[in-house]
Amino acid sequence: QCVCMILCLFQKNKNVFYASALFALINFSLIVPYYFPKQNPADQAYSQPLKILLFNIHSENTNYQKARDLIIQNSPDILALEEIDIRWVNELGPIIRSYPYFKEISQENNFGLGLYSKLPLNDLQIKYFVVNNIPSIVGTLTFEGQNVSLIFTHTMPPGTIEHYGWR
């Protein structure tokens, strides 16, 4: 575009120059907002970030210390564990009990869930949306004056057409 404008200046073709300048301005006006985005209220900086760790522990996994280390290293405000069973609840006991707000349902079928929080959680319930043996944990969290809905679930792997449909 700019090359065309310069050539038009040298050839003294003002009409083509003005048309090229107009198109250059239009293009420029479309690009500039990406360099100077408007501040969106939803993008406002919070005084403190909310740290969430979602961790599928894989129920057959027995590397308890590595899981403990991961949780301690990240120190999340909210810890969501998938595929917990009673063995994992016992092994992670001291760590997960340091979270004063929690809801857990340990199951032996790879669909156990544990939701643990340092922040108050409200109206926590265990729901079964699709299949009776696949739980979800739903509730709310108030973070910096705003209510946040929580839905925590372990989806069904899409191994069959029926399972794919449940997802």
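Where is the place of Ser 117? Keep that one in mind while you read these notes.

1. **What you're looking at.** This is a predicted model, so start with the confidence values. The mean pLDDT of the protein is 81, and 78% of its residues get to 70 or more. Among the elements, helix α1 (residues 2–10) comes out lowest, with a mean of 57, while helix α3 (residues 64–74) comes out highest, at 94.

2. **The overall layout.** Try picking out the elements in the viewer: there are six helices and seven strands. Walking along from the N terminus, you'll meet them as α-α-β-α-β-α-α-β-β-β-β-β-α.

3. **Inside and outside.** The protein has 167 residues, and 32% of them are buried. About 11,300 Å² is exposed, with carbon and sulfur atoms supplying 59% of that. As for how the chain meets itself, take the contacts between residues at least 6 apart in sequence: 45% of these join residues at least 24 apart.

4. **Ser 117, as promised.** Ser 117 sits in strand β4 (residues 113–117). Is Ser 117 buried or exposed? Ser 117 counts as buried because its relative accessibility is 0%, and the cut-off for buried is under 20%. Its side chain reaches the backbone oxygen of Leu 119 at 2.6 Å. Leaving out neighbours within four places in sequence, Ser 117 is also in contact with Asp 77, Ile 78, Tyr 99, Pro 100 and Tyr 101.

5. **A greasy stretch on the surface.** Have a look at the nonpolar patch formed by Leu 22, Phe 23, Ile 26, Leu 30, Ile 31, Tyr 34, Tyr 35 and Phe 36. Together these residues have about 990 Å² of accessible area. One of them, Phe 23, is found in helix α2 (residues 14–35). Phe 23 has a relative accessible area of 46%, so it counts as partly exposed; that label covers values between 20% and 50%.

6. **A loop residue to check.** Which loop holds Asn 133? You'll find Asn 133 between β5 (121–127) and β6 (136–143). Asn 133 is partly exposed, because its relative accessibility is 40%. Not counting residues up to four places away in sequence, Asn 133 touches Gln 107, Asn 109, Phe 111 and Tyr 128. Take Phe 111 from that list: Asn 133 and Phe 111 are 22 residues apart in sequence, yet their C-alpha atoms are 7.8 Å apart in space.

Notes: Residues numbered from 1 in each chain as written. Predicted model: local features only at pLDDT ≥ 70, side-chain atom pairs only at ≥ 80, totals over all residues. Heavy atoms only, no water. pLDDT = per-residue confidence, 0-100. Helix = DSSP H or I, 4+ residues; strand = E, 2+ residues; numbered from the N terminus. Patch = residues over 30% accessible without salt bridge, like charges linked within 9 Å, V, L, I, M, F, W, Y side chains within 5 Å. Areas by Shrake-Rupley, 256 points an atom, 1.4 Å probe, with all protein chains shown as cover. Salt bridge = Lys/Arg side-chain N within 4 Å of Asp/Glu carboxyl O. Buried < 20%, exposed > 50% of the residue type's maximum accessible area, 1.4 Å probe, protein only. Polar contact = N/O pair within 3.5 Å; in protein donor to acceptor, adjacent residues only side chain to side chain. Contact = heavy atoms within 4.5 Å.
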